[in-house]
Amino acid sequence: MKRWLDYLIMNQRDARPRWFVRLLAPLYQHRGWRSKIYSSVRMDTPPYRRFWLGRRSVVESYCCINNAVGDVIIGDYTRIGLHSTIIGPVCIGNHVNLAQGITITALNHNFSDATKRIDEQGIATKPVVIKDDVWIGANAVVLPGVTIGSHAVVAAGAVVTHDVPDNTVVGGVPAKVISTTPELLKV
C-alpha cells in the first residue's frame, strides 16, 4: 500500500512530486508570515514530509528544496541564496544567511557492496542541523550528519564534513577551524 501511494505522489523518473500534487502544495507546506519563495524555486516537497518556512524568511531564485527523504525546517529571518540546494532532513535556525550556490544534503548513497551497482544499494540519511545566527559563504557544501553551531561562519567554497562549534570560523576542503570569534575581535 505504501509503495502504491508513493508511486501516485512521486514521479519515479524525475524524483519529484507529480504535477497535480505540486498544485496542492500551498495546502501542506507551511510558509510563515511575510516569507517568500520565488517562483523559479524547485519545491520537491511531497505531502508526507514536513516543509516549514519561518516568518520573514526568503528562498531565492533557482533553489531546489527536497524533503522526499526527510523534513526541511527553515527558521525565522533566514535567507537561502540563489541556486542553493537543500536535501532533508535539514533543520536551519533563525537569522541564518546562506550565500549563493550552497549545497546542504543529509542524503548519501550506500556503496559498501562492490558486487552490486550503487543505485541498487539504497540510500542513507543523517540529519543536518544549522543553529541560529550562522553565515555560510558561496558554494560551500555541508555533508550529512553535520551540526553547525550558533554564530558560526563557514567560508566560501568550504566542504563541511564534521561538526562546527559555536562562535567558530571554518574554511577549506575539508573544512577546518580558522579562528574563533574572540580571536576575531582582537584583530
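Here is a short selection-by-selection tour of the model.

Before you click: this is a predicted model, where local features need pLDDT of at least 70, side-chain atom pairs count only at pLDDT 80 or more, and totals for chains, interfaces and linings use all residues. Numbering runs from 1 along each chain as its sequence is written, and side-chain values use heavy atoms, with hydrogens and water left out.

**The sheet.** Select S3, S6, S9, S12, S17 and S20 (strands are DSSP E runs of at least two residues, numbered from the N terminus). They make an open six-stranded sheet in that order, with parallel pairing (pairing takes at least two DSSP bridges). S3 (30–31) and S20 (147–148) are the edge strands, each pairing on one side only. Now zoom to S9 (72–74) and S12 (90–92), parallel strands joined by three bridges; Ile 74 sits opposite Ile 92 in S12.

**The core.** Keep Ile 92 and add Ile 86: both are among the residues touching the most other members of the largest nonpolar core, which has 36 residues. (Such a core is a set of buried Ala, Val, Leu, Ile, Met, Phe, Trp, Tyr and Cys joined through side-chain atoms within 4.5 Å; buried is under 20% relative accessible area, 1.4 Å probe, protein chains only.) Strands S6 (51–53), S9, S12 and S17 (128–130) each give two or more residues to this core.

**The loop.** Jump to Gln 121, in the loop between S15 (107–109) and S16 (123–125). Gln 121 counts as buried because its relative accessibility is 14%. Leaving out neighbours within four places in sequence, its contacts (heavy atoms within 4.5 Å) include Phe 111 and Lys 116.

How values were computed:
Helices (H or I, at least four residues) and strands (E, at least two) are DSSP runs, numbered from the N terminus. Buried means under 20% relative accessible area, exposed over 50%, partly exposed in between (1.4 Å probe, protein chains only).
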